[in-house]
Structures are given as C-alpha cells and as structure tokens.
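Q: Please take a close look at the largest pocket of this model for me. I'd like to know how it is set between the parts of the protein, and what lies around it.

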Amino acid sequence: MSRQSPPKRLATRLIKGGTHTTVVGGRAVNPPVVRASTVLFDTMDDMNNARRRRGTERMFTYGARGNPTGFALEDVVAELEGGYRTRLFPTGLAAISMVFLAYVRPGDHVLISDCVYQPLRHFVETFLKPWGVQVTYFRADGSDAAEHFTARTKLIYVETPGSLVYEMCDIPALADLAHRRGALLVADNTWGSGVQCRPLMLGADVSVMAATKYLSGHSDVMMGTVTTTQEVWQTLSTMADAQGVAVSPDDAYLVLRGTRTLAARLQMHERHALEIAHWLESLPDVARVFCPALPTHPGHALWQRDCIGTNGLISFEFANATTAQADRFVDALELFGIGASWGGFESLATVTNIAGTRTCEDWTSVGPIVRLHIGLEDPQDLIEDMVAALEQVFGK
C-alpha cells in the first residue's frame, strides 16, 4: 500500500496550489501571457542541457532571455521581415543602440543617412563618438555614400523613407556597396512595418523597427525589434544576451495582438492619407506635400520599385506662413492630437524643424512643415477639421 503524503499546511498549499493547470477541451486563439523570471526544470540534466544550448538556440531558461509570449511575437516579426530570427527590445531606440553595440567597435567608421530618427543623432553624440567610433552622415537619397566610404567603414545605417519628409534611397545599391567593401547594411524599417517595405529582401543584413508604431497600432506600448539574416544573427543575439535585454510578456502580448490587424489597418491608413494628401496638393496655401506615394515626390520611382504601399504619414510645407502661424494651425485642430509619435489609430499633427535634423542639406529657407499622421477617422471629418483651422488662422 503506497504511503499517502500528509496534508500540507496553509502556507505550503498557497505556494504549491494552481501551478500546474490542465485545460480540457479546445485552445485559445492567442498564445497565453507567460510571466516568469524563474524557469523550473524536472532534473539538473534538463537545466544544464538547456543552458548549454541557449547560446545558439532559443531556449526558455530564464526571464531575462525571453519568454514564450515574446518568442511568439519574434516569430511573427521574422515572418513579416523575411528574416532569419528576431530579438525584442524595450524601445525602438534600444533596438537601434544594440545594433551598433553588436556590430561596431572603437576605431571603426560608420555611415548614417542624413534623415534618420533624431534620437539616433543624440546616441551618436553621447555614446558612439565618445566610445571612439567615427561617424559620417551622407545625403538622405544615398547619392554620396560611396565617396564617404573608408577602409574602416564597418556599417551603413539608413532610414528609408526618411523621417519627416520621407526621402527614398536605393537599398539594393547601398547593400551592394557595403558588401563589396566588407561592411553591413542596416535599415530602419519602422515606416515599412515589414509590410509596405522589406529591406532584408532588398539586400540589407539587419532591419530595425519600432514596434511602438504600426505593429502595436494602439499607442499604448513601447518596443523595438531587430531582425537579421542568418549570416549575421549570432553576433546580435550574443550581445543582446550579454546586455540582459528583455521585454515584458504583457507588452509582447499587446504587440502580438496588434499584428493581427496590421494589414487591414495599413490599408485604411494608406487610403485615408492619400485622400488627404491629394486634397492638400490642391490648396494654394500649401507649397509641397511630402509622401513617397505621390508622383510629385522625388523618390516616387524608388517607392514604386521597392514598396507595396504607403501608410498614414504625410507632411506638408506652408507656402506663405510663419512658424507661429503653423503652430496656431496645429493648435486649432480638434480631431488631431498634438504628439510626436505615430502609428496608432488616432490622427496626430506637429510642426517639425527639418533644419535642426539635417547635416548634409540646407532646409533653412523652406516654409514651416507640418507632419500629419492620418489615423482611422473618416478622412472627410479630418479635412473639414483642417479647413476650419485654416480659416481660423489665415481667415480663409
């Protein structure tokens, strides 16, 4: 007769109860949120085996090295990007920073496109240069990248379309330049979201995205992703493990949920934004509308070749207005929030300072530029809101 375990006392029952749940029946549509720092193994052999393998394989061994909820999101992003594997980071900037930490060392030289996300410039000044990395900015369209290449250039970093006015550059040409000279090409693909553009399919080695934007889609979570080809994966993965970078499983779940509607949302963003972009082009108060999907955009041909659509981002330059008037126009909008982010369901507006974000080109002579993120509201309501704001500021 087997010996029965004595009844456990209250404190023990509270600790041990409900930790091994079995659900009989079907399964949930979405993977569960797995919150874990400690990961338990059945035997020491199991734990030691997992630890031996985790440097090169994705193993659930400790919370700081990822969890099943995050792994599910990594798989979705890698599929979107057409890459080998993906790692998740707490913010888009953290993802960008890890790329440089992984692939660049003191004494190296990097080329960065002139139109990159402004916080990257801050990272260059506060970390890369003091760390001993030489940085050269090249024109946003990539036309002068080759002339700045040196024997110590290890990495070309490009954002295309660029921040604020969406300059396009030739990713396949830059990839060819980098690879012929033994360097890597890294692309910020936040604009493309792995749907509208896929840099890895165009020759890039690494693609970075702020999942904060369209992948999440609801303006309530911060996250960055890095996806690479198989050839350069291990360097990135090893450095991320060494830094102890991880994301919350709850945040991973939110972004994973956002990806389920990404394709449908982007279609709406594109349709609404193009309707408003064409309307803006018809206004005498508007000098230029910046959107690569417009035939008037300088990078339109590259956009047609390399992208399958656009998103909700457009910017426009006032023809005859002061910055103060542009500010008042944004203040007068009722349906647009005033905010620096984008990619959520809501429309946003802000006045940009292009001149303060460029090194290679002089933007000081242009009129004030307003950046719009066109959300999922009815575009006619948004147009009527802008008409009212123009009348309030300019009296017409």
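A: Domain bounds here come from an automatic or database domain assignment. For this protein, that assignment gives domain 1 (10-258) and domain 2 (261-394). Both of them give residues to the lining of the largest pocket, so the pocket lies between the two.

Before going in, a word on the ground rules. You're looking at a predicted model, where local features need pLDDT of at least 70 and side-chain atom pairs count only at pLDDT 80 or more, while totals for chains, interfaces and linings use all residues. Residues are numbered from 1 along each chain as its sequence is written, and side-chain values use heavy atoms, with hydrogens and water left out.

Now the pocket itself. It holds about 620 Å³ of space. On a 1 Å grid over the protein atoms alone, a pocket is an open set of points with protein on both sides within 12 Å along at least five of seven lines; a cavity is a set where a 1.4 Å probe fits but cannot get out; lining residues have an atom within 4 Å of a point. Points are joined across faces, edges and corners, and the volume is the space filled by probe spheres set on them.

The lining of the largest pocket runs to 33 residues, and Y117, S163, A340, W342 and R371 are the ones that lie nearest the centre. At least two lining residues apiece come from α4 (92-103), α5 (118-128), β6 (206-210) and β11 (348-352). (Helices are DSSP runs of H or I with at least four residues, strands are E runs of at least two, and both are numbered from the N terminus.) Chemically, the lining has 17 nonpolar, twelve polar and four charged residues. Nonpolar covers Ala, Val, Leu, Ile, Met, Phe, Trp, Tyr, Cys and Pro; charged covers Asp, Glu, Lys and Arg; the others, Gly among them, are polar.

One residue to pull up on your screen is K213. The unreviewed UniProt entry puts "modified residue: N6-(pyridoxal phosphate)lysine" there; UniProt positions follow the numbering used here, feature names are shortened, and annotations may be inferred rather than shown by experiment. K213 sits in the loop between β6 and β7 (224-228), and β6 is one of the elements that line the largest pocket. At 12% relative accessibility, K213 counts as buried, because buried means under 20% relative accessible area, with exposed over 50% and partly exposed in between (1.4 Å probe, protein chains only). Beyond residues up to four places away in sequence, K213 touches T190, S341, W342 and G343, where contact means heavy atoms within 4.5 Å. You've met W342 already: it is among the residues that lie nearest the pocket's centre.

What about the two domains on either side? Their C-alpha centres lie 28 Å apart. Where they touch, 35 residues of domain 1 and 41 residues of domain 2 take part in the contact.

There's a second open space to set beside the first. The second largest pocket holds about 350 Å³. Its lining has 18 residues, with E167, F290, H297, P298 and W363 closest to its centre. Strand β8 (residues 286-290) gives the most, with three residues. Here too both domains join in, each with at least three residues. By class, this lining breaks down into nine nonpolar, three polar and six charged residues.

Now for the closed spaces. A search of the whole structure turns up two cavities of 30 Å³ or more. The largest cavity has about 230 Å³ of space, and of its 21 lining residues R65, G66, F71, E74 and R87 lie nearest the centre. Two or more of the lining residues come from each of α3 (68-81), β1 (85-89) and α8 (230-243). Its lining splits into seven nonpolar, six polar and eight charged residues. The second largest cavity has about 40 Å³, and S216, H218, D220, L254 and R257 line it. Those divide into one nonpolar, two polar and two charged.

Over in helix α12 (residues 323-332) you'll find A326, which counts as buried at 0% relative accessibility. Leaving aside neighbours within four places in sequence, A326 is in contact with F318, V351, P368 and V370. V351 is 25 residues away from A326 along the chain, yet their C-alpha atoms are separated by 6.8 Å.

Zoom out and the protein has 13 helices and twelve strands, with a C-alpha trace spanning about 95 × 55 × 35 Å along its principal axes. Of its 396 residues, 52% count as buried. Among contacts between residues at least 6 apart in sequence, 74% join residues at least 24 apart.
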